[in-house]
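Here are my notes on the model you sent round. They start with the internal spaces and end with the chain as a whole.

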Amino acid sequence: MSLQVSINVNSLRTIKDQLDEVIQLAASEFENYLADKDNISNLNASVAAISQAAGTFRLLEYPGAAQLADEMAELGRCIASPDAKTSDAMINAYTHNLFIFPRYIEFISVQQKDLPILLMPYINEMRVSRRSSILPEYHFFSGDIPLLGVPAAAQQPAQLDELFKTAARLRHMYQTGLLGVISSDGKGLHHYQLLLRPVDRLLFLLGDHTSRPIWELAQAYISCFIDQTLSLNLNRKRVLAAIEKLLRSTATKGEQGLSGSDDTQLKKDFLFALMLSDSDQPNVVAVAKAYGFNKLELSDRQLIEQRESMHGPSIDTMESVIKVLKEELRHSKDILEISSQNNGIDADDLGSLKDLLSRTADTLSILNLTGPMALLKDQLKVIDAWATDGSGSDSREDFLVAADIVLFVESALSGLDRREITVKELNEATEETRKTIVSGSHLAEAERVVLEEAESGIALAKRAITSYVDSNFDSAHIANVATTLNTVRGGLHVLNYGRAAAILKSCSEFIDSHIKGQNANSQHHQLLATLADALISLEYYLGEVSVSRKANEKILDVAEESLKALGFSVESE
């Protein structure tokens, strides 16, 4: 079955002008209500107009547009009700959808089809604002979601004693990752990687237990966020929270918690999302084969693109523009550097420099970065003066001044890209603030390099440990792991991440005293899995620091708990 609904576009075209007038009336009346909230008649008029539009779309059999209008009308009545307390969320949701509604009508006019799933975030935004339950993502999907599958048999028996022993720690790890996902609104793959780790461990320990299928679905579901074939939305936040609830039940109720819950609703959420994903991860492909479903005709990525087309430039677009601008500025710096070394600039380089800076200034204007734009415009006047005698500037100082301005603009864009500075702050920056922005950008770049090296070192250590296991515990594979981790530890000391450095010290000590030189035994796999928990937690911590320069210290609690389980306490350095 299709996500799209065939419509009679000619019917819409016939009445589109009248519909536009009705929606404009609804927006105008709501604006009047916001200006005078004592006059409830304006709000009632807005709701009446939206209700009229809803009836029209029901008559035309446009389910998405009709549902959106119905939800708007219901929200409007809730705002107007003297028995309900009006919140800012309700006002904002109604206002937001007064913008979305005409954009969606324009969308279906161009696409010649109703695509109701595009509207789920907006519909649920309104439902949440009035404290009503959200609709599932598959609300508009009329096809079958196969709930019965034939997953592949597990390769090992269940280790339930070990599972219940570690369930609390695994849940703690998952909670930390979930908090990161929610607080960052899904930005940063390391959050999802931390969600996946406890599910992977639980699946391994579950073996052939009867509750295995729901966890295989959870594993595939989270994998789709990691390879970015699913995006985060309100529904999916609730599903990720439901996985935490399963972990909590397992940690607190044991066997009863594993098998005692009705997971039909959650399975439908998992499976529909996987049908939307175009992931080619092996576990996702295996789930699709086990449940016998085909991917839907539109992937989640395509839906995002279509949804963004109703909003104008997205964050990704802004990032792309900044990337292009920084490339232009890099070329400008190269020209200025060569000119400084030669104590002069030739006509071709002068023309190229003017073109590059002019394009950059014009783009900055579009982005409303009036402060940096003004600096470049002023510098362009100076550069024009270089050409008046036909020879360009012969002052090295002139080139350095121009380079400083270009460097500031580049640093400003980097700070904006990292969300460390706002457009307003850039536009109001003083000379002293500009110096701070430039120095901060240099420091951030240096920190980025050190953190990347640290993450690479930990990843190298993890690969070495994996090779050690695969080789039946040949210690040659881990001969340099302690050295690698100590090198990473030194970098973290430089950045003043003392607690993370102390954890690495304990990891190194564990490797030296518990793995090197020992014969393989039945405990090796479990010990190494626990060590991996510590390294993955630390890797997650560093990833979070890399993204936002802030990190949830609680994830280090997980690493310390893992090392404590190995018999190694962490002492602050």
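**Notes on the cavities and the chain**

1. The lining of the second largest cavity has five nonpolar residues, one charged residue and no polar ones. Please keep in mind that this is a predicted model.

2. Which residues line the second largest cavity? They are Leu3, Ile117, Glu137, Phe140, Phe141 and Phe272. Glu137 is the charged one. The space inside comes to about 30 Å³.

3. In total, the structure holds two cavities of 30 Å³ or more. The largest contains about 90 Å³ of space.

4. The lining of the largest cavity is mixed in class: five nonpolar, three polar and four charged residues. Among them are the charged Glu137, Arg236, Asp300 and Arg307. Ser231, Asn233 and Asn235 are the polar ones. Ile117, Met120, Pro121, Leu276 and Leu303 are also in this lining.

5. Ile117 and Glu137 appear in the lining of the largest cavity. Ile117 and Glu137 also line the second largest cavity.

6. Which helix gives the largest share of the lining of the largest cavity? That is α13, with three residues. Helices α5 (120–129), α9 (234–253) and α13 (300–308) each supply at least two.

7. Now the chain overall. It has 23 helices and two strands. Its C-alpha trace spans about 75 × 75 × 45 Å along the principal axes.

8. Of its 573 residues, 48% count as buried. The accessible surface is about 27300 Å², and carbon and sulfur atoms hold 50% of that.

9. Among contacts with a separation of 6 or more, 74% join residues 24 or more positions apart.

How values were computed. Residues numbered from 1 in each chain as written. Predicted model: local features only at pLDDT ≥ 70, side-chain atom pairs only at ≥ 80, totals over all residues. Heavy atoms only, no water. 1 Å grid on protein atoms, 1.4 Å probe; cavity = no way out; pocket = protein on both sides within 12 Å on 5 of 7 lines; lining within 4 Å. Points joined across faces, edges and corners; volume = space filled by probe spheres on them. Helix = DSSP H or I, 4+ residues; strand = E, 2+ residues; numbered from the N terminus. Buried < 20%, exposed > 50% of the residue type's maximum accessible area, 1.4 Å probe, protein only. Contact = heavy atoms within 4.5 Å. Areas by Shrake-Rupley, 256 points an atom, 1.4 Å probe, with all protein chains shown as cover.
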